Amino acid sequence: MATRWHAAMRQALDEAAAAESHGDVPIGAVILGPDGDIIARGGNERELTGDPTAHAEVVAIRRAAERMGEWRLTGCTLVVTLEPCTMCAGAIVASRVDHLVFGAFDDKAGAVASLWDVVRDPRLNHRPQVTSGVLADECSAVLDSFFQKRR
């Protein structure tokens with residue numbers, strides 16, 4: 001099942017590389033429309049823009065909503081290299097993304113499995129399907145390499 005998402009995750013890894021090229025933590029995301037085609041891309045842009053909310057997921061969600069012409073991303077799948085944090089998990093729920101696919105788990109800030117499970121909380125009005133661990137080793141290696149260089 002997870003191999004179905006490899007091509008999209010590789011595109012997200014390309015976005016992560018682009019984020020690193022301008023000094024941001026290399027996390028990337030793509031959003032697939034209902035037909036499976038990429039409708040938006042995003043990488044971390046916090047350093048680039050000075051915006052603390054410019055995480056890869058939020059950047060991609062904003063671009064997808066603009067492209068779709070509405071804030072509801074029903075039928076869409078968000079593919080991201082790292083397990084979303086609480087802010088991004090909330091944005092995923094709020095935007096009505098139907099499916100979340102992520103690569104590496106985030107033991108320090110993950111809000112989908114590691115520390116919390118915001119997106120599947122039964123008290124919320126929307127709960128996307130979740131697929132985790134897609135190309136997790138590759139996604140982790142990118143982050144490990146980035147932080148190793150900064151030590």
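Biologist: What makes glutamate 15 buried in this predicted model?

Modeller: Its relative accessible area is 17%, and buried means under 20%, so glutamate 15 makes the cut.

Biologist: And why is arginine 41 called partly exposed?

Modeller: Arginine 41 comes out at 32%. Partly exposed is the range between under 20% and over 50%, so that value falls inside it.

Biologist: How do you know that glutamate 15 and arginine 41 form a salt bridge?

Modeller: Their closest N and O atoms are 3.5 Å apart, and the cut-off is within 4 Å, so the pair counts. Glutamate 15 sits in helix H1 and arginine 41 in strand S2, so the bridge ties together parts 26 residues apart in sequence.

Biologist: What makes arginine 63 and glutamate 45 a salt bridge?

Modeller: Here the N and O atoms come to 2.9 Å, and the limit is again within 4 Å. This pair links helix H3 with the loop between S2 and helix H2, 18 residues apart. Glutamate 45, at 16%, is buried, while arginine 63, at 39%, is partly exposed.

Biologist: Why does threonine 131 count as buried?

Modeller: Its relative accessibility is 10% and buried means under 20%, so threonine 131 qualifies. You'll find it in strand S5.

Biologist: How do you know that the side chain of threonine 131 makes a polar contact with the side chain of histidine 99?

Modeller: The distance is 2.8 Å, and a polar contact needs N or O atoms within 3.5 Å, so that pair passes on distance. Leaving aside neighbours within four places in sequence, threonine 131 also touches other residues, including Trp5 and Phe102.

Notes:
Residues are numbered from 1 along each chain as its sequence is written. This is a predicted model: local features need pLDDT of at least 70, side-chain atom pairs count only at pLDDT 80 or more; totals for chains, interfaces and linings use all residues. Side-chain values use heavy atoms; hydrogens and water are left out. Helices (H or I, at least four residues) and strands (E, at least two) are DSSP runs, numbered from the N terminus. Buried means under 20% relative accessible area, exposed over 50%, partly exposed in between (1.4 Å probe, protein chains only). A polar contact is a pair of N or O atoms within 3.5 Å; within protein, one must be able to donate a hydrogen and the other to accept it, and residues adjacent in sequence count only if both atoms are side-chain atoms. Contact means heavy atoms within 4.5 Å. A salt bridge is a side-chain nitrogen of Lys or Arg within 4 Å of a carboxyl oxygen of Asp or Glu.
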